[in-house]
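Trainee: Could you take me slowly through one part of this model, the place where the ligand sits, and then through the empty spaces in the protein? I would like to see how the pieces fit together.

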Amino acid sequence: MQLSESISRISVSPTAAVVMKADRLKASGVDLVDFGAGEPDFPTPENIKRAAFRALEKDFTKYTATGGIRELKAAIAERHARDFGSNYTAEECLVTVGGKQAIFEAVVATINAGDEVILPVPYWVSFLDIIHYAGGQAVLVRTREEENFALRAFEVEKHLTAKTRMIVVNSPNNPTGAAATRAQLDAWVTYAQANKSIILFDAAYEAYITSPAIPHSIYEIPGARECAIEFRSCSKNGGFTGVRCAFTVVPKTLKAITSRGEQKPLHPLWLRRMATKFNGVSYIVQRGAEALYSPAGKNQVRALIDHYLGNARMLVAGAKAAGLTVYGGVHAPYIWVETPKGLSSWQAFDKILTEANVVITPGSGFGSKGEGYFRISAFNSRVNAEEVARRLKALKW
Ligand SMILES: *Cc1c(COP(=O)(O)O)cnc(C)c1O
């Protein structure tokens, strides 16, 4: 048996070591609080479960249309048009098995071996592996602390080459919490158009945006319909991490260039790929996801996000009171903290784990340029967030 080259290019998750160290301490009887996990801790809300149950009882389970059921796609498009003034149609929304699948499809549909993908660092780890899997080259562009890790296009200009095919923009960002402004996104669209590359816009944390000045969608920017694919996930606002549901917008106006230089619309190719590969998300899950867009679902999502952002504010205050330099936590459930006294990410992790009994995530897990930082997640109860804020404040560095 041989191993394919694509599978050989992906690496072991750098966060696996976090789980191992935490488990070892837990086994010795220490009561740990986990602020490392990048997923909500609440169970999937009741009305969403009910909708899924109803689907199971009433409609039973047949093949669904590739790209998603009409009701869910319509609910998404209507709500986003109403709330954010977005201009995409239900047909342009394609339902995927989580955001991870959306990234995978987007990269595999547009990247050939040797093509370059601009990836701002620190980044969510899956991006790198997916780029490598497709045979692409990730061009890492550091975002700077002195600019609050702003995702600035002009930094990228010097990295654009004839081989640049895709630019990844994740706003609000995991792990830094940075959210791109309208002007910043404008610049990205201009660069992508000039360079004939595609922006892959990861809006998994869109629902956490707290300022009306920050765009929720790349399609708020003129020209984006010709150069951007966007996706959002139900994972972080609907507690769907294990349920698996997300959607991707592939505008019908988006064209890709074949190796022969022909322009082809991406949308039908995308659908064809999905049909070839796996058909679509389970009907039951899609009916559950649809309930997220009902008035009750919207209120539930709002309450959960307010809860986590409240935790984030508390954690930011605790870390600041300890004299630490803190970023994020305003438009995202993540706080990005500089390690004090030149400690490495893992040294800070070990100290927080053994002295405060709190699990966080070392920054080096988000790419080598995340070294010197750590991420605190706000996905926990209020009581635990208060406790961790206190423990952070009491920690002597
Ligand atoms: C969680 C996450 C996603 C989506 O995850 P899925 O569970 O696959 O939908 C996408 N991007 C970032 C940055 C994330 O943190």
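Mentor: What follows goes from the ligand outward to the pocket, and then to the cavities. Please keep in mind throughout that this is a predicted model.

Let us begin with the ligand itself, which is surrounded by 14 residues, and the closest of these are Gly99, Asp202, Ser233, Ser235 and Lys236. Some of the surrounding side chains come within polar contact of the ligand: a polar side-chain atom of tyrosine 205 lies 2.6 Å from an oxygen atom of the ligand, and for serine 233 the distance between a side-chain N or O atom and a ligand oxygen is 2.6 Å. In the case of lysine 236, an N or O atom of the side chain is 3.1 Å from an oxygen atom of the ligand. Taken alone, the ligand would expose 380 Å², and the protein buries 96% of that area.

If you now ask which parts of the fold build this shell, the elements that give two or more residues to it are α5 (98-110), β7 (228-233) and α9 (235-238), with α5 providing the largest share, three residues. Sorted by class, the shell holds four nonpolar, six polar and four charged residues.

The next step outward is the pocket, since the ligand sits in the largest one. That largest pocket has a volume of about 970 Å³, and it is lined by 42 residues, of which Thr15, Gly38, Lys100, Trp124 and Val125 are the closest to its centre. At least two lining residues come from each of α2 (16-27), α5, α6 (126-133), β7 and α9, and here the largest share, five residues, belongs to α2. The lining of this pocket divides into 19 nonpolar, 13 polar and ten charged residues.

Finally, there are the cavities, of which two reach 30 Å³ or more. The largest cavity has a volume of about 60 Å³, and its lining includes Leu119, Tyr123, Phe127 and Asn173; β3 (116-121) and β5 (164-170) each supply at least two residues to that lining, and β5 gives the most, three residues. By class, the lining of the largest cavity has nine nonpolar, three polar and no charged residues.

The second largest cavity, with a volume of about 50 Å³, has Val141, Arg142, Glu155 and Trp188 among its lining residues. Here β4 (137-142) and α7 (153-157) each contribute at least two residues, and the lining of the second largest cavity comprises six nonpolar, one polar and three charged residues.

Key
Residues are numbered from 1 along each chain as its sequence is written. This is a predicted model: local features need pLDDT of at least 70, side-chain atom pairs count only at pLDDT 80 or more; totals for chains, interfaces and linings use all residues. Side-chain values use heavy atoms; hydrogens and water are left out. A residue is near a molecule or strand if one of its heavy atoms lies within 4 Å of it. A polar contact is a pair of N or O atoms within 3.5 Å; within protein, one must be able to donate a hydrogen and the other to accept it, and residues adjacent in sequence count only if both atoms are side-chain atoms. Accessible areas come from the Shrake-Rupley method with a 1.4 Å probe; for residues, only the protein chains shown count as cover. On a 1 Å grid over the protein atoms alone, a cavity is a set of points where a 1.4 Å probe fits but cannot get out, and a pocket is an open set with protein on both sides within 12 Å along at least five of seven lines; lining residues have an atom within 4 Å of a point. A molecule sits in a cavity or pocket if more than half of its atoms lie within 2 Å of its grid points. Helices (H or I, at least four residues) and strands (E, at least two) are DSSP runs, numbered from the N terminus. Ala, Val, Leu, Ile, Met, Phe, Trp, Tyr, Cys and Pro count as nonpolar, Asp, Glu, Lys and Arg as charged, and the others, Gly among them, as polar. Grid points are joined across faces, edges and corners, and a volume is the space filled by probe spheres set on the points.
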